Structures are given as structure tokens and as C-alpha cells.
Amino acid sequence: MEQAGYPDDLLYHPDHDWARIDPANPDEATFGITWYAQDALGEVVFFDPPKLGTRVTKDEPYTEIESVKAVSDVIGPLSGEVVAVNDALADSPEAINEDPYGAGWLVRVRLSDPSERESLLDAAAYRASLGS
Amino acid sequence: MSATAADDQLTIFERSRAGRRAFVAPASDVPERPLDELLPARLRRAAPARLPEVSEPEIVRHYNRLSRRNFDLDTGFYPLGSCTMKHNPRLHERVAALDGNARLHPLQDPRRAQGALELMWRLQEALGEIAGLPHVSLQPSAGSHGELAGVLLTRAYHEDRGERRTKVLAPDTAHGTNPATVTMGGYEVVHVGTDADGNVDLEDLRAKATEDVACLMLTNPSTLGLFERGIQQIAEIVHGVGATLYYDGANLNAIMGICRPGDMGFDIVHFNLHKTFAQPHGGGGPGAGPVAVADHIEPFLPRPQVVRREGAPDDTIGTGSDGRLGHFDLDYDRPRSIGRLRGFQGNYGVFVRAYAYIRSLGAAGLRDVSETAVLNANYLLARLRAIGVAERLPVAYDRVCMHEFVLSGAPMKRDLEIRTLDLAKRLLDHGVHPPTVYFPLVVDEALMIEPTETETRETLDRFADTIAEILREAAQDPEIARTAPHTTPVRRLDEAGAARHPVIRQAL
């Protein structure tokens, strides 16, 4: 088992998703699932890529990830519209396990309500929510 | 790899040598007709089929070897939760093998198959009594097939009343087949939550039970092995919005002769004859998933139905085995039926074994089956607690369980750094089939154990000791479990690799 980690530059949703917002481009965010989520899922075998233009609503599922254990919903940490999808995951879904904050990113979203980020957790608060 | 091990890996085609033969048919002693008269050349193969050419002892050894690589109930303990892997009494095989049962042709005229039809009719009657619902169809041939029948019956019932409903409710602990069946039946699945005690969350159910809900699919006891205490309120809520209440019979082994789904308010029930009624299963079939329904669903049952008619047509025997005048028939005159669900009448051999099971046990015996199944599960749970396993594998919901229980491997994963999957794989090295793992999804690192009524106390004790032994071993060296199994014909399979890069074509 790789070591758990929760980078400080990300925002976290309690349902184990992260959002990365580049200060130079605060209207867009990259989404992915956390180390905890990929560890709980087990080895990921399929990521169902949403179509470009798909509306993502905060707290609602926007796509699915299939692991050897189960098919699970992926929850949107923020609301917006999908502007890019990580196509490389089609051939190597294991990137979600191996590098959940890097090569395992899922989608890029143009945010419809950037103020929503206020309700997300920082790394310390998310770690505390995991009880570790 | 030793010579024997290498030989073990050969396929029947790799054993083939040109010209080698097993049985050779003697020369024909009747006049032969030219092949062209029997089958035109354009319909025949240009070259002979490429079949393996092997001697008879090689064939026998090959398949005998393969059979020994299997794990089955005749080999060892098989506590696969939600699957009811109980012993299959050998008496049933004798009965199923009787010529009148085994050699009956499925196209036999019903007038010449009265015995078989009577057996099916009596099985319907018995199942109806066990379910507390009077009308039974034996056609569905698997649990999932029974579920599909249930959803199609629900649709037919609502459409007959001129109603168009779009959703079906299922608990978040439901068998995966429930949402799959709902989707296949053209409905949208809506999940209902589980409360702190492991029951259906009644508040959530009330909120989601709207006028566009067609059905609630439920199993009782639930997949957590717990009796749904609120079943009466659940039935009231579901019927209050005009929906049907569907009973997934996977867990019927816990309640036979004690309480009946029909009395709980269920409208449609499916049985798994291959689970509850002791059929050999686990190899993909054949199974049987009959459905029992209430009066208001009866008109929609599959066609044809096995029925008993009064009076005897001229050329039948005239009476059933109880001496009553009458005969048995296939009733096609069912205008509102959902239609046929399969060819012929179902897996007849399964019916014979199930009927033999029910008749040899009787009502009191069936109740004893369920009571012993529940007792065995509670004994095993208590035993695991008594020897300290519960610290690492606590029960997910701390209540008296029914015929099975669900443990959580989360503390084991945290403290010993082995997952439930590793424990399951290590059990194989101890000659035990692993329990169901990672289901239901609401339990982290779930391990679902169903010992059934046919195991002895010694077997249960040995299983508990084995789990304790694996935990002790992992505390010393977790790598042994992580790389298990070590003694099986194939070792740890690359499940993720198989799913990511499936090889779906094997060249011969």
C-alpha cells in the first residue's frame, strides 16, 4: 500500500473528491478523487469519461469509476461545465490509483459559481474528517 | 515446473495426436444411403472438424484432473454469503435420475406427461404455501430471471390499470441484480438508505415513495443478515402509493415455516430453488427462480401455466396420485399474460430435486432447516467473538443475525495491513471457500458469512480457528496473506489486469 497523502494546494469535498484551482485562472478547476477514495475503491479498471459540455452540479454524481470491487459514483466538488477530460485514462485507468493528484486527474471544469469553493475543506480539515 | 505440473496445464487440443482414437464405432451392418441424399454438399463441411484426437484413458484423465482442480461443496466448507451453499442430499439425485424423470422429452404431449406435470403442479402448490402467495409460475430459470419476471409482472399490473410509473426503489444494500433487473425492465432505480440499525431507513423510504414508483424490491432478511423490523410499515408505505412490494428470495433460507413473505405484505416473491431447496449450484446452473404472486398479479403470470383440470379426457389415466379425478395440463389461455419467459417449461430436473427436498423434510423439517441455519450463523458469530476475532473483524451491525452476518475488515486493514481480499485468498490455502467479500457496499471491507444448516459444529469451530490463525499470522508477516493463495492450482489472479486488458478470444 502506497502512503496516504493530501496535498495542501487542493480543496477537498467530504465525499473524497478534490479540486485544483490555478490562481492565474480562477474560473476553472481540475477534479479528481483523493488517495483515500482510490484506496477504498481498490484497483480501478474503468473511468467513464463524461462528454465535453456536461453540466456538473456540486454534491451530485457526474460520472462513474469502476474498480475490481464495485462501480461507484464520482461526486462533483463544484458546479460547472466540463471543458476537458483526461483521455489517457481510457488506456491506463490505473493512473487513478498510482497518481491520484497528477496523471490520475479526471476532468477540467469551467466553474459556474466560483464562490462555492468557500464550502470545501482544506487538506487539514479533510484529513481530520477521515479520522486519521 | 515439474513434468506433472507441465502436463497439468495442457488443454485437450494440446494432447491431440493425429490418428489417435478412443472408441471406434463398428462397421455398419445396415444398408447405407449416399451422403448427398441425406445432406446436400453445400451444407456440409469442406474439411473435417478439427476435433482433438485422444485415447480414451487420456480423455478420462484429462477431465478427471480438471474436476479435481475445482473447489465445491463436496470438497470443503463453502460459507458464501447470500448464496446458501448447502449440502445437496444424494437421495434427490436418485429421484431425478429415474427414467420417467430423466428421459422425458420436453415436447412430450401433456397427456403423456401427466406424472411430470403433476410434480410441477404440486411443487407450485408447495411453494405457494411457503411464500404465503397462492399463484406460482415455475418458468423463470435463475434468481435474476425471477426478478425480471417480477419487474415485468409489476409493469403489466400497472399498465393494465392505465398507469405509467417510471421508478423502482431498492435499498442501498440490495443485491446487484436488483438495480440491473430494474434497468433491464425499463425503470429508473432509486436507492433507499439504511438506518443506524441496518434496516431500511423509513424516513428516506417515505420521502422517495411517490406516485411514480412502481415497486420496492426488498429481501428479508436483508443482505446484512438482519430481519427488517419495519416490514409492516414498509408494506404500508409502498402500498399507500399503489406500488408493488417485491421479495427477493435469496435469503429465504432464514424464514421457511416461521413466517411468510405474503403475510408480511409482499405481492411478488421469487425463489432460488438452487439455493434454498438444495440444488447443486455455483457452476453456472442449471437453476430455477420460480415466482409466487398475490391474486391481483395472477392474470399476468407467464404463459403457459401448469394447471389441474377437473375431469379426465378420454385417453389419460384419469386420477392424480391422491385419487382425485382430474388431469394436468398446460394452460395457454391467458390473454393478459406477460408471455413466455423461456423455451419449454423450465429446468425440470431442478423441480424434481426441489420437490423431493420439500416432501422428504415436510413442513416441520423446513422450519427446522431455517432455525438451524439461523442458529449456526449466530453460533459462528459468537464463536468468532469468543476467540477474539471481533477486535479485528467486528460485526457491521451488532444485532442477533439471521442465517448470515456481515463483518467489517476495516480494523484488520488498519492494524494488520491486510485487506479482506487477502484474508479471503488465504482461506483457500486452508481448504475453505472464501465468504462473499466487498458486499454489501455499505460495509467497509465487508466479509459476508453464511454457514447454512448442513455444517457441523466442528466445521464451524475449525473455520473460526482458521480466521484467528490467519490474523495471528498476518500480525507476524502480512506478506503471506497479501500474496495468497500459495497452494491452489492457480495463484493470486490479476483481477485488475483481467478487467483492464481482457483476453476474450482463445485460439485453439
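**Exercise 1. The seven-stranded sheet of chain B**

Determine in what order the seven strands of the open sheet in chain B are arranged, and which strands stand at its edges.

*Solution.* In this predicted model, the open sheet of chain B is built from seven strands in the order 1-7-6-5-4-2-3, and its pairing is mixed. Reading that order from its two ends leads to strand 1 (135–137) and strand 3 (188–192) of chain B, which stand at the edges; each has a single partner strand, so one side of each is left without a neighbour in the sheet. Direction ignored, neighbouring strands of this sheet are turned against each other by 25 degrees on average.

For one pair inside the sheet, consider strand 5 (residues 244–247) and strand 6 (residues 268–270) of chain B, which run parallel and are joined by two bridges. Within strand 6 of chain B, the residue standing opposite B:Tyr247 is B:Val269.

The last step adds a helix: helix 7 (residues 143–160) of chain B lies across strand 2 (167–171), strand 4 (213–218), strand 5, strand 6 and strand 7 (291–293) of chain B, and it runs at about 165 degrees to strand 6 of chain B.

**Exercise 2. Helix 6 of chain B**

Compare the span of helix 6 of chain B with the span expected at 1.5 Å a residue, and list which of its residues are buried.

*Solution.* Helix 6 (residues 114–131) of chain B has 18 residues, and from its first C-alpha to its last it reaches 25 Å, which is close to the expected 26 Å. The buried residues of helix 6 of chain B are B:Gln114, B:Ala116, B:Leu117, B:Leu119, B:Met120, B:Trp121, B:Arg122, B:Leu123, B:Gln124, B:Leu127, B:Ile130 and B:Ala131. After helix 6 of chain B comes B:Gly132, whose phi is positive, near 75 degrees.

**Exercise 3. The surroundings of B:Cys83**

Decide whether B:Cys83 counts as buried or exposed, and find which residues B:Cys83 touches.

*Solution.* B:Cys83 is placed in the loop between helix 3 (56–68) and helix 4 (90–97) of chain B. The cut-off for a buried residue is 20 or more other C-beta atoms within 10 Å; B:Cys83 has 22 C-beta neighbours inside 10 Å and therefore counts as buried. If residues up to four places away in sequence are not counted, B:Cys83 touches B:Lys275 and B:Glu450. In addition, the C-alpha atoms of B:Cys83 and B:Asn253 are separated by 10.0 Å, although these residues are 170 residues apart along the chain.

**Exercise 4. Antiparallel pairings in both chains**

Describe how strand 6 and strand 7 of chain A are paired, and establish the order of the three-stranded open sheet of chain B.

*Solution.* In chain A, strand 6 (residues 61–67) and strand 7 (residues 71–75) run antiparallel and are joined by five bridges; these strands form a hairpin with three residues between them. The bridge partner of A:Thr63 in strand 7 of chain A is A:Val74.

In chain B, three strands form an open sheet in the order 10-12-11 with antiparallel pairing. Strand 10 (405–408) and strand 11 (436–437) of chain B stand at the edges, each having a single partner strand, so one side of each is left without a neighbour in the sheet. Two bridges join strand 11 to strand 12 (residues 446–449) of chain B, and the bridge partner of B:Val437 in strand 12 of chain B is B:Leu447.

**Exercise 5. Domains and chain contacts**

State how far apart the centres of domain 1 and domain 2 of chain B are, and how many residues of chain A are in contact with chain B.

*Solution.* The domain assignment of chain B gives domain 1 (3–61) and domain 2 (363–498), and the centres of these domains, taken over C-alpha atoms, are separated by 46 Å. Between the chains, seven residues of chain A are in contact with seven residues of chain B. By class, the side of chain A that touches chain B has five nonpolar, two charged and no polar residues.

Notes:
Residues are numbered from 1 along each chain as its sequence is written. Chains are lettered from A and ligands numbered from 1 in the order in which they are written. This is a predicted model: local features need pLDDT of at least 70, side-chain atom pairs count only at pLDDT 80 or more; totals for chains, interfaces and linings use all residues. Two residues are in contact if their C-beta atoms, placed from the backbone, lie within 7 Å. Ala, Val, Leu, Ile, Met, Phe, Trp, Tyr, Cys and Pro count as nonpolar, Asp, Glu, Lys and Arg as charged, and the others, Gly among them, as polar. Two strands pair if DSSP finds at least two bridges between them. Helices (H or I, at least four residues) and strands (E, at least two) are DSSP runs, numbered from the N terminus. Axes are lines fitted to C-alpha atoms, for helices over the stretch in contact, and angles run from 0 to 180 degrees between N-to-C directions. Domain bounds come from an automatic or database domain assignment. A residue is buried if 20 or more other C-beta atoms lie within 10 Å of its own, exposed if 12 or fewer, and partly exposed in between; C-beta atoms are placed from the backbone. The expected span of a helix is 1.5 Å times one less than its number of residues.
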